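Reader: Before I plan anything around this protein, I would like to go through its fold with you, one topic after another. Could we put the sequence and the model side by side and begin?

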Amino acid sequence: MTSRNPRDSRLRLVRPRPLAAAPRAVTQRSSRRPAPRPPEGTPPPAELARMARAGLADAARVARWADSMLGPGRDGATPDGKGTLSAATTERAAEELGLTPAQVRADWDTARLAGLVEVHGDIARPGWRLRAWNRDDSAVLRGWVALFDAWSLAHPEPADREASAVAEVVSAMPQVLSFLQLSAGPVPVEQLLDLLEQRVTELRTERCEIPYGPQPDPAPETAAPPDPDVDPDAPLAPLLDWALHALAAVGALTCADGQATLTPLGSWAVWVKLEQICVAAQSPAGNIEQPAADMLRGCAQLRPNAARAEYRAWLAARPVGSAVTELLEAARGEDALTRGLAFEALRVVGAPAEPDVRSVAEESWLRPYALLWLAEHDGHDPEDAHEVLTREESTWLWVDTAAAVADHGEAPLLVRHLESAVQPTVPALLDEVRAVGHPRTVQVLVALAAAHPDPALAKAVRRAAFQVHTGGS
């Protein structure tokens with residue numbers, strides 16, 4: 001007769017899944033909005049990624065050279081071991097790569113804008129996109145979109161133009177790009193100039209902030225003087241020419257014979273931006289306007305891709321710094337699911353969130369999530385990132401994730417969650433769960449005992465829950 005003792009080998013756990021995947025277990029529900037399709041004629045993602053790799057090949061080459069030659073502890077390291085691109089390093093790179101120093105600096109700047117290189121103060125290091133460059137098309141495309149977003153930094157602005165006028169043109173260019181994308185072909189620059197002038201006029205009108213309703217006429221001596229930094233009669237043609245050349249420099253469009261045309265990559269990127277606006281406008285339950293905690297709860301029923309689209313829309317409507325602060329505050333709450341989703345949203349933020357995430361790595365409630373986030377940010381494969389956690393941290397995260405499943409998931413998900421534990425047997429898991437001291441331990445064990453179909457295992461789990469509750473052994 002088969003033993004039903006908890007020590008029975010039948011109770012050994014399946015090989016653990018990566019803990020990084022565990023918080024996603026409760027979000028596997030159907031999206032309310034079908035996945036949008038790009039416009040007809042848009043190349044497939046693999047072809048777009050090939051174009052992006054070709055356009056960023058020089059930047060990737062310089063980034064790889066810096067990674068191999070300037071890493072701390074290597075023969076080519078700088079004296080301080082920080083891998084910064086100094087003037088001497090620029091000369092060295094130019095000599096070894098067969099480039100001019102100006103080309104090296106330009107490619108270095110492009111690599112930084114595309115996320116192939118990340119610079120923190122005077123410390124430079126390879127970005128995660130460089131690590132994934134040859135195997136992950138989505139990483140390549142996200143790097144190119146980051147460069148596209150920074151087009152105004154990729155080409156020097158006219159030195160003889162006021163900064164406020166340049167800012168107005170940068171603010172107006174999304175509408176110009178949308179018009180180019182909808183036109184799906186060459187557009188005369190003169191027509192784009194008319195559109196730019198209209199949009200800049202609208203921006204200046206909006207900035208006046210005229211109160212609604214009848215207002216008394218101001219006395220001549222109290223009338224507000226015009227902004228000295230803005231000449232309303234200054235021609236915008238030179239600034240449009242600068243903007244088109246800057247966008248051409250990043251590979252978003254071509255400009256010849258008095259006409260501008262979006263490249264396939266540029267057309268796709270503009271469509272992506274328009275789609276994000278649509279997501280923001282049509283987000284379920286108006287998540288775009290909600291505080292972080294409510295937004296995350298609104299995304300709990302979405303599949304991962306749809307949730308990430310919601311995160312991007314929510315983040316786009318806020319300054320990055322305040323958005324990261326709000327997400328971390330939501331993660332400190334009692335809802336474990338919100339905690340896991342907050343760090344999923346922080347993955348969408350990327351590099352700008354690193355200092356804040358690193359600062360909370362010593363908070364016990366957030367430490368495992370922060371360490372996983374930092375490991376993935378530093379280039380670890382998400383499937384292996386859990387290896388940075390200690391056994392105790394992994395067990396704490398297992399309990400926290402189980403709490404999220406118990407509160408928001410279904411019984412079969414909680415049973416399957418056993419597979420993500422690092423312990424090889426249920427008795428070992430129970431011993432370490434009791435020792436880790438998570439405040440939700442009793443509730444998790446009671447829920448697991450109620451959900452598990454094996455009576456012997458359920459009995460052992462209930463006994464462990466009782467011992468934790470009473471403080472016994």
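Reader: Which helix gives the most residues to the largest nonpolar core?

Author: In this predicted model, the largest nonpolar core has 66 residues, and those with the most contacts inside it are Leu296, Tyr311, Leu327, Phe343, Leu346, Val357 and Trp398. With nine residues, the helix that gives the most to this core is the one spanning residues 336-349, namely α14.

Reader: How many residues does the second, separate core have?

Author: Apart from the core that holds Tyr311, there is a second, separate one, which includes Leu141, Ala172, Ala252 and Val270. The number of residues in that second core is 63.

Reader: Which residues does Tyr311 touch, if those up to four places away in sequence are not counted?

Author: Tyr311 belongs to the residues with the most contacts inside the largest nonpolar core. Once residues up to four places away in sequence are set aside, its contacts are Met295, Leu296, Cys299, Leu341, Glu344, Ala345 and Val348.

Reader: What share of the residues in the protein is buried?

Author: The protein has 21 helices and five strands, and among its contacts between residues at least 6 apart in sequence, 68% join residues at least 24 apart. Of the 473 residues in the protein, the buried share is 44%.

Reader: In the open sheet of three strands, what is the order of the strands?

Author: The strands β3 (187-188) and β4 (253-256) stand at the edges, and each has a single partner strand, so one side of each is left without a neighbour in the sheet. The pairing is antiparallel, and the order is β3-β5-β4.

Reader: What angle does the helix that packs on the sheet make with β5?

Author: The helix in question is α7, residues 163-183, and it touches β3, β4 and β5 as it packs on the sheet. Its direction and that of β5 make an angle of about 80°.

Reader: Over how many bridges do β4 and β5 pair?

Author: Strand β5 covers residues 259-262, and it pairs with β4 in the antiparallel sense. Within this part of the sheet, Thr254 stands opposite Thr261, while Ala256 stands opposite Gln259. The number of bridges between β4 and β5 is four.

Reader: Which residue in the hairpin of β4 and β5 takes a positive phi?

Author: Most residues other than glycine have a negative phi. The hairpin of β4 and β5 has two residues between the strands, and the residue with the positive phi, near 55°, is not a glycine. That residue is exposed, with a relative accessible area of 78%, and its name is Asp257.

Reader: Is Ala184, which also has a positive phi, buried or exposed?

Author: Ala184 is found in the loop between α7 and β3, and its phi is about 55° although it is not a glycine. Its relative accessible area is 69%, and because the cut-off for that class is over 50%, Ala184 counts as exposed.

Reader: How do α16 and α17 lie to each other?

Author: Helix α16 runs over residues 367-377 and helix α17 over residues 391-408, and they pack with their axes 9 Å apart at an angle of about 110°. Angles of 65 to 115 degrees fall in one class, and α16 and α17 are therefore roughly perpendicular.

Reader: Into which classes do the residues of the contact of α16 with α17 divide?

Author: On the side of α16 the contact is made by Arg367, Pro368, Tyr369, Leu371 and Leu372, and on the side of α17 by Glu393, Trp396, Leu397, Asp400 and Thr401. These residues divide into three charged, one polar and six nonpolar.

Reader: Which residues in α4 are met by those in α3?

Author: Helix α3 (residues 87-97) and helix α4 (residues 101-113) pack at about 105°, with their axes 8 Å apart, which makes α3 roughly perpendicular to α4. The residues of their contact divide into four nonpolar, one polar and two charged. From α3 come Thr90, Glu91, Ala93 and Ala94, and the residues they meet in α4 are Pro101, Val104 and Arg105.

Conventions: Residues are numbered from 1 along each chain as its sequence is written. This is a predicted model: local features need pLDDT of at least 70, side-chain atom pairs count only at pLDDT 80 or more; totals for chains, interfaces and linings use all residues. Side-chain values use heavy atoms; hydrogens and water are left out. Two strands pair if DSSP finds at least two bridges between them. Contact means heavy atoms within 4.5 Å. Axes are lines fitted to C-alpha atoms, for helices over the stretch in contact, and angles run from 0 to 180 degrees between N-to-C directions. Angles under 35 degrees count as roughly parallel, over 145 as roughly antiparallel, 65 to 115 as roughly perpendicular and the rest as oblique. Ala, Val, Leu, Ile, Met, Phe, Trp, Tyr, Cys and Pro count as nonpolar, Asp, Glu, Lys and Arg as charged, and the others, Gly among them, as polar. A nonpolar core is a set of buried Ala, Val, Leu, Ile, Met, Phe, Trp, Tyr and Cys residues joined through side-chain atoms within 4.5 Å. Buried means under 20% relative accessible area, exposed over 50%, partly exposed in between (1.4 Å probe, protein chains only).
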